[in-house]
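Trainee: Could you take me closely through one part of this model, the helices and the charged side chains that link them, and tell me how each residue sits with respect to the surface?

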Amino acid sequence: HRVVVRALRSARFEQLIRDWRVCLATIGPAPKTAAASTDHLAAQRIGKAHRRILKKGGNLGQDPPAAALHKLRIDAKKLRYLLEFFKSLYPKREIRERIKELKKLQDILGGFNDMQVQRDRLTAFAENLHADPAVGASTILTLGRLAGILEQRQEDHRLAFHDAFVEFSSPTVRAAYDRLIDG
């Protein structure tokens, strides 16, 4: 606290503030087109991210591979970041609904990914233990059972993904995104 207070009271900081005020005074007011440009940029980015999810998710089929679901999860994160970042530009209720719909899809994709990561770690752990002669077969079998449980949970997420994606890509949600983007 003392270090911060000393820095804020220093001549160097006072000079920084004076220079900053001069800089701000020379910039002048923002052009009237700035808000329109921000609206346009937000709509463009959100629209592109939404279309990417619809395209990738729509091409996955009934038994999507883990790598494809992971990529879709990343795309969903990007859309969520855009919605959160630009939310002040949109009606609160509308943006809240879009985030809620997306969050449902993200939760399923995140759960699927979590199960995959845990399975991979368990498998690596079991391989390391298998090389140790002091580790009994029951330990390796227990890890195998745990991996099986994780695999079933991952499959549950895969099945839930299909239903969630159908809902997320429904005509109603698409129309809501169109309103958000065109509005």
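Mentor: Among the elements of the protein, helix H3 (residues 33–58) has the lowest mean pLDDT, 88, while helix H4 (residues 66–85) has the highest, 95. This is a predicted model, and the protein as a whole averages a pLDDT of 90, with 96% of the residues scoring at least 70.

Those two helices are a good place to begin with the charged pairs, of which a search of the whole structure finds nine that qualify as salt bridges. In one of them the side chains of Lys56 and Asp75 meet, at 2.7 Å from N to O. This pair links distant parts of the chain, since Lys56 belongs to helix H3 and Asp75 to helix H4, 19 residues apart. The two partners are placed unlike one another with respect to solvent: Lys56 is partly exposed, with a relative accessible area of 36%, whereas Asp75 counts as buried, at 5% relative accessibility.

Helix H5 (residues 92–130) deserves the closest look. Within helix H5, Glu101 and Arg98 lie three residues apart, about one turn of the helix, and their side chains meet in a salt bridge with an N to O distance of 2.7 Å. Both partners are buried, because Glu101 has a relative accessibility of 18% and Arg98 one of 5%, each of them under the 20% cut-off.

A further salt bridge leads out of helix H5: Lys104 pairs with Glu167, and their closest N and O atoms are 3.0 Å apart. Lys104 lies in helix H5 and Glu167 in helix H6, so this pair ties together parts of the chain that are 63 residues apart in sequence. Here both residues are partly exposed, Lys104 with a relative accessible area of 41% and Glu167 with one of 42%. Salt bridges also occur as a network, in which shared partners join Asp63, Glu155 and Arg158.

Helix H6 (residues 137–168) also contains Gly148, a residue that is partly exposed, with a relative accessible area of 33%. The C-alpha atom of Gly148 is separated by 8.5 Å from that of Arg119, although the two residues are 29 apart along the chain.

Returning to helix H5, we can turn from paired charges to a patch of positive charge on the surface, where Lys92, Arg93, Arg96 and Arg179 gather. Helix H5 supplies the largest share of this patch, three residues. One of the residues in helix H5 is Arg96, which is exposed, with a relative accessible area of 52%. Arg96 can belong to the patch because membership requires over 30% relative accessible area and no salt bridge.

A surface patch of another character, nonpolar and of about 340 Å², is made by Trp20, Leu24 and Ile27. Of these, Ile27 has its place in helix H2 (residues 11–27), and at 56% relative accessibility Ile27 counts as exposed.

Taken together, the charged pairs described here include a link from helix H3 to helix H4, a buried pair within helix H5, and a link from helix H5 to helix H6, while the surface carries both the positive patch and the nonpolar one.

Terms used: Residues are numbered from 1 along each chain as its sequence is written. This is a predicted model: local features need pLDDT of at least 70, side-chain atom pairs count only at pLDDT 80 or more; totals for chains, interfaces and linings use all residues. Side-chain values use heavy atoms; hydrogens and water are left out. Patches are made of residues with over 30% relative accessible area and no salt bridge: like charges are joined within 9 Å, nonpolar side chains (Val, Leu, Ile, Met, Phe, Trp, Tyr) within 5 Å. Accessible areas come from the Shrake-Rupley method with a 1.4 Å probe; for residues, only the protein chains shown count as cover. A salt bridge is a side-chain nitrogen of Lys or Arg within 4 Å of a carboxyl oxygen of Asp or Glu. Lys and Arg count as positive and Asp and Glu as negative; His and the chain ends are not counted. The place of a charge is taken as NZ of Lys, CZ of Arg, CG of Asp or CD of Glu. Helices (H or I, at least four residues) and strands (E, at least two) are DSSP runs, numbered from the N terminus. Buried means under 20% relative accessible area, exposed over 50%, partly exposed in between (1.4 Å probe, protein chains only). pLDDT is the predictor's confidence in each residue, from 0 to 100.
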